[in-house]
Amino acid sequence: MVPSLLNSTESFSESVEKLGNTNYFIPVWNSVKLLQDVIRVEYNISDALITFAVNIAAAALGVFVVGRLFNKEKIVNG
C-alpha cells in the first residue's frame with residue numbers, strides 16, 4: 001500500500017520517473033510501476049518480463065531464507 005501512496009504524490013512521482021527502466025528491478029515497487037504503465041497503456045513486454053523475473057527471484061530468495069530459518073531448532077521452538 002505504501003508504494004501506491006508514494007506514487008500518488010507528485011514530487012515523489014517525478015523523482016521516480018528519472019530512474020527510467022531501473023524501476024522494474026526493485027521488488028514490490030516494480031509491480032506498482034507496471035500496473036501504472038498498464039493503466040496508461042504505456043507498457044512494454046520487456047518491462048513486464050523483468051518485473052515477473054525479479055518478483056519470482058525475490059520470492060524464491062524469501063522461501064529459501066524462511067526454509068533455512070525453520071531448519072534451525074531455535075527458531076521453531078522459540
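This note covers helix H3, its residue Asn30, its packing on helix H4 and the two loop residues Val28 and Val41.

1. **Status of the model.** The structure is a predicted model. Please read each point below with that in mind.

2. **Helix H3.** H3 runs over residues 29–40. That gives twelve residues. From its first C-alpha to its last, H3 reaches 17 Å, close to the 16 Å expected at 1.5 Å a residue.

3. **Buried positions in H3.** Several H3 residues are buried: Trp29, Asn30, Val32, Lys33, Leu34, Gln36 and Asp37. Lys33 and Asp37 are on that list, as are Asn30 and Gln36. When you look at the spacing, recall that an α-helix has 3.6 residues a turn, so residues three or four places apart point the same way.

4. **Asn30 in detail.** Is Asn30 buried or exposed? Asn30 has a relative accessible area of 0%, so it counts as buried, the cut-off being under 20%. Its side chain has a polar partner: a polar atom there lies 3.3 Å from the backbone oxygen of Tyr24. Tyr24 is also among the contacts of Asn30 beyond four places in sequence. The others are Asn23, Thr51, Val54 and Asn55.

5. **H3 against H4.** Two packed helices are described by the angle between their axes and the distance between the axes. Helix H4 spans residues 45–71. The axes of H3 and H4 come within 10 Å and cross at roughly 155 degrees. H3 is therefore roughly antiparallel to H4, since angles over 145 degrees count as such. The crossing is left-handed.

6. **Residues at the H3–H4 contact.** Which residues of H3 meet H4? They are Asn30, Ser31 and Leu34. On the H4 side the partners are Asp47, Ala48, Thr51, Val54 and Asn55. Thr51, Val54 and Asn55 are each in contact with Asn30 itself. Asn30 and Leu34 are buried.

7. **Val28, before H3.** Most residues other than glycine have a negative phi. Val28 has a positive phi of about 70 degrees, although it is not a glycine. Val28 lies in the loop between helix H2 (10–17) and H3. Its relative accessibility is 55%, so Val28 counts as exposed.

8. **Val41, after H3.** Val41 follows H3, in the loop between H3 and H4. What is the phi of Val41? It is near 60 degrees, a positive value in a residue other than glycine. Val41 is exposed, with a relative accessible area of 68%. Check the backbone at Val28, with phi about 70 degrees, and at Val41, with phi near 60 degrees, when viewing the model.

Conventions: Residues numbered from 1 in each chain as written. Predicted model: local features only at pLDDT ≥ 70, side-chain atom pairs only at ≥ 80, totals over all residues. Heavy atoms only, no water. Helix = DSSP H or I, 4+ residues; strand = E, 2+ residues; numbered from the N terminus. Buried < 20%, exposed > 50% of the residue type's maximum accessible area, 1.4 Å probe, protein only. Polar contact = N/O pair within 3.5 Å; in protein donor to acceptor, adjacent residues only side chain to side chain. Contact = heavy atoms within 4.5 Å. Expected span 1.5 Å × (residues − 1). Axes fitted to C-alpha atoms, helices over the stretch in contact; angles between N-to-C directions. Parallel < 35°, antiparallel > 145°, perpendicular 65-115°, else oblique. Left-handed = near helix turned anticlockwise from the far one by under 90°.
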